[in-house]
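Visitor: I'm new to this one and would love a close look at a single part. Could you walk me through the sheet?

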Amino acid sequence: HGIMVMGPEIQKFEKKIAKFCKRKYAISVGSGTDALVLAIKSLNLNKNDEVITTSLSWIATANAISINGLKPVFADIDNDLNVSHKSIASLISKKTKAIVVVNYTGKIANMDEIITICKKFNLYLVEDGSQSFGSTYKGRINGSFGIVSAISHNPMKVFSAFGEAGTILTNNLNIKKRLEM
């Protein structure tokens, strides 16, 4: 068809990955870093709000928080190398607005506890599912937990592309529209 950018294959891919991850919407972006930056940006947080994340992640996680004018706060990890819900709970302050969970090494963090914390403190949950694409936690698939979830398709990731690519997943129509703009 000769369409070099945003051809019909993109919409087909977005529908397939959204369905696979049990999400209503998927938005393709240029990289996993773009997915994280834009996922966090879509939450419309205020400058200097705090976002708790894992201490064990690529620099893109902290950068995605900082690029949005937010302060990354680093939680410890559990024995499975995923973020510790106990550490998260001890770091929450009045400025905390979100948690970025990085599901690592093919495993998913203790999402029951993390979701409980998010509900208790009215925090957004952002999920980075790049390292655990296709994994499940108690019957739920990676990428289905956060209000927004980011997936990197870097060639070194589980579900890779030929070069850089990323996907943002959500069930929230307003977030989808913001991301498309």
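Visitor: To get us going, which residue in S8 does Asp-128 stand opposite?

Guide: Asp-128 stands opposite Ala-150 in S8. Keep in mind that this is a predicted model. That pair of residues is a handy way in, as strand S5 (residues 124-128) and strand S8 (residues 148-152) run parallel to one another, paired over three bridges.

Now step back to the whole sheet. It's an open one made of seven strands, and if you walk across it you meet S1, S9, S8, S5, S4, S2 and S3 in that order. The pairing is mixed. At the edges sit strand S1 (25-29) and strand S3 (71-75), each with a partner on one side only. Ignoring direction, neighbouring strands here are turned by 20° against each other on average.

Next, look at the helices that pack on it. Helix H2 (residues 32-41) touches S1, S5 and S8, along with strand S4 (96-102) and strand S9 (166-170). The direction of H2 makes about 170° with that of S8. Helix H3 (residues 59-67) lies across S3, S4, S5 and strand S2 (50-54), and runs at about 145° to S3.

One last stop, back at the S1 edge. Helix H1 (residues 8-20) holds Glu-14. Setting aside neighbours within four places in sequence, Glu-14 is in contact with Ala-26, Ile-27 and Ser-28, and strand S1 covers 25-29. Glu-14 is buried, yet it has no salt bridge. The nearest side chain of opposite charge belongs to Lys-176, 7.2 Å away, while a salt bridge calls for a distance within 4 Å.

Definitions and conventions
Residues are numbered from 1 along each chain as its sequence is written. This is a predicted model: local features need pLDDT of at least 70, side-chain atom pairs count only at pLDDT 80 or more; totals for chains, interfaces and linings use all residues. Side-chain values use heavy atoms; hydrogens and water are left out. Two strands pair if DSSP finds at least two bridges between them. Helices (H or I, at least four residues) and strands (E, at least two) are DSSP runs, numbered from the N terminus. Axes are lines fitted to C-alpha atoms, for helices over the stretch in contact, and angles run from 0 to 180 degrees between N-to-C directions. Contact means heavy atoms within 4.5 Å. Buried means under 20% relative accessible area, exposed over 50%, partly exposed in between (1.4 Å probe, protein chains only). Lys and Arg count as positive and Asp and Glu as negative; His and the chain ends are not counted.
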